[in-house]
Amino acid sequence: MTETNAHPADPGSGQQPLEADRLRDILRAPGYLKILVFSALLGIPVSLAAFWFLVGLHEMEHLVWADLPHGLGWDTPPWWWPIPLLLVAGVVVGLVAAHLPGAGGHVPASGLHTDGTPPVTLPGILLAAVASLPLGAVLGPEAPLIALGCGLALLFRDLTRTPATPQTTVLLGAAGAAAAIAAIFGNPLIAAVLLIEVAGAGGPQLFAVMLPALLSSGIGALVFTGFGRWTGLETGSLSLKLPMPFPHLDAGDVLWTIPIALALAVLLHPVLAAARRIAAYVSAGVVSRTVLCAVAAAGCASLYALITGRTPADVALSGQTTLGLLAADPYAWSVGALVAVLICKGIAYTLCLGSLRGGPVFPALFLGAAAGALLAPLPGLGVVPAMAAGMAAATASTLRLPVSSVVLVVLLLGGSAMMPIAILAAVIAFVTTELLPDRPALPPASHAETTAAH
């Protein structure tokens, strides 16, 4: 009796072996193994569909914002260019939201979702995305891609007559969404991390455990690399030596990261609250009010072009292309242009989040990068650390996905040198956002996209 109690690690005698047995039973279940095989096969058609969807969006955007203006004799689109484009986008999205199953997908102000997307809603979701994104909506393609992956996964499940159980709906939907998301970011790791956080696996306990670990690892990396550089001693490293000119982080970069993250969290919180109020406003008159919000967003882009003399595409569209231009040469932007793009794109982003269809990721990344470029001249702050901190803080406060935000920034920068700064900024922005007053909830009418298909 005494010997049995002295060995709690024996099978069946303690919590840990029970959990291990439970996981083993799940993996051995024939149904789960079939889902794994199906998921592997599913990645091929979903990735191909996501690839051609993104290619189509890119070609349409280039046609509308480059080829047509050049064909009409302009080097860049004129200041009024976004107005007719977003007018068309508003009309199409409003009609889709009012009349087609699924209402064109989730309202972007509600964040990213991995809920099962019934295949019948896919035509409306794709039509709303094609009308919104290339015509100037300040949104990214990630939300329609998640819906596309989920919808195709469930469609293939039905075609192969796989039992439609809650388990297959959740697992295959997540697999399809991950395959689609990996297509846009070019990295399966960010797809997995993003979906873990979006789906809320583990609930609040996941974040409660993850945040201290994330923050501790970031501070530890700062101390560890700092001591290595100061002493000149080496401990060995698993990291690859990449030929990229990342600056060394110093005390100024770390200290400035704290107020940058706090400021962006405080400033973006009312943006998201206003976007939800706009979604409530639009739900009371979908077609007319969607058009009104889309035209107002176009007005922001036109006003920016008139004020700065730059292209209205800086404000319109997701910001993915403009982000690359900003990162390549941040000194090409004057202080006035950076302030103007932050204000105008921030307002347009708010309007589009509450009315059109798309995802919130890329505009948040751009706004964070622009804020970093604006603040980079502060004493002791470098351009690259400032932009890394800005992007991490903006995405963490907007998406409320701190780990995904860090991985995204590291992926975009192409190296891990700025990871400690990104971690510090993401954790501070996320905690600050969570401690601020709650954002208003979306009205029931704005959730029509999740119920209209049923």
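A pocket, as the word is used here, is an open set of grid points with protein on both sides within 12 Å along at least five of seven lines. In this predicted model, the second largest pocket has a volume of about 730 Å³. Its lining is made up of 32 residues, and those that lie nearest the centre are His58, Glu61, His62, Leu317 and Thr321. Two elements, α3 (30-71) and α12 (320-328), each give two or more residues to this lining, and α3 supplies the largest share, with 10 residues. Sorted by class, the lining of the second largest pocket holds 18 nonpolar residues alongside 10 polar and four charged ones.

The protein around this pocket has 18 helices and zero strands. Of its 454 residues, 48% are buried, while the area that the protein exposes comes to about 20,900 Å², with carbon and sulfur atoms supplying 70% of it. Among the contacts with a separation of 6 or more, 79% join residues that are 24 or more positions apart.

The cysteines can be considered next. A disulfide is a covalent bond between the sulfur atoms of two cysteines, and a search of the whole structure finds zero of them. Cys293 is in no disulfide, the nearest cysteine sulfur being that of Cys352, 8.7 Å away. For Cys352, in turn, the closest cysteine sulfur is in Cys300 at 8.6 Å, which is too far for a bond, given that a disulfide requires the two sulfur atoms to be within 2.5 Å. Cys293 is buried, with a relative accessible area of 5%, and Cys352 is buried as well, with a relative accessible area of 0%.

Key
Residues numbered from 1 in each chain as written. Predicted model: local features only at pLDDT ≥ 70, side-chain atom pairs only at ≥ 80, totals over all residues. Heavy atoms only, no water. Helix = DSSP H or I, 4+ residues; strand = E, 2+ residues; numbered from the N terminus. Buried < 20%, exposed > 50% of the residue type's maximum accessible area, 1.4 Å probe, protein only. Contact = heavy atoms within 4.5 Å. Areas by Shrake-Rupley, 256 points an atom, 1.4 Å probe, with all protein chains shown as cover. 1 Å grid on protein atoms, 1.4 Å probe; cavity = no way out; pocket = protein on both sides within 12 Å on 5 of 7 lines; lining within 4 Å. Points joined across faces, edges and corners; volume = space filled by probe spheres on them. Nonpolar A, V, L, I, M, F, W, Y, C, P; charged D, E, K, R; others polar.
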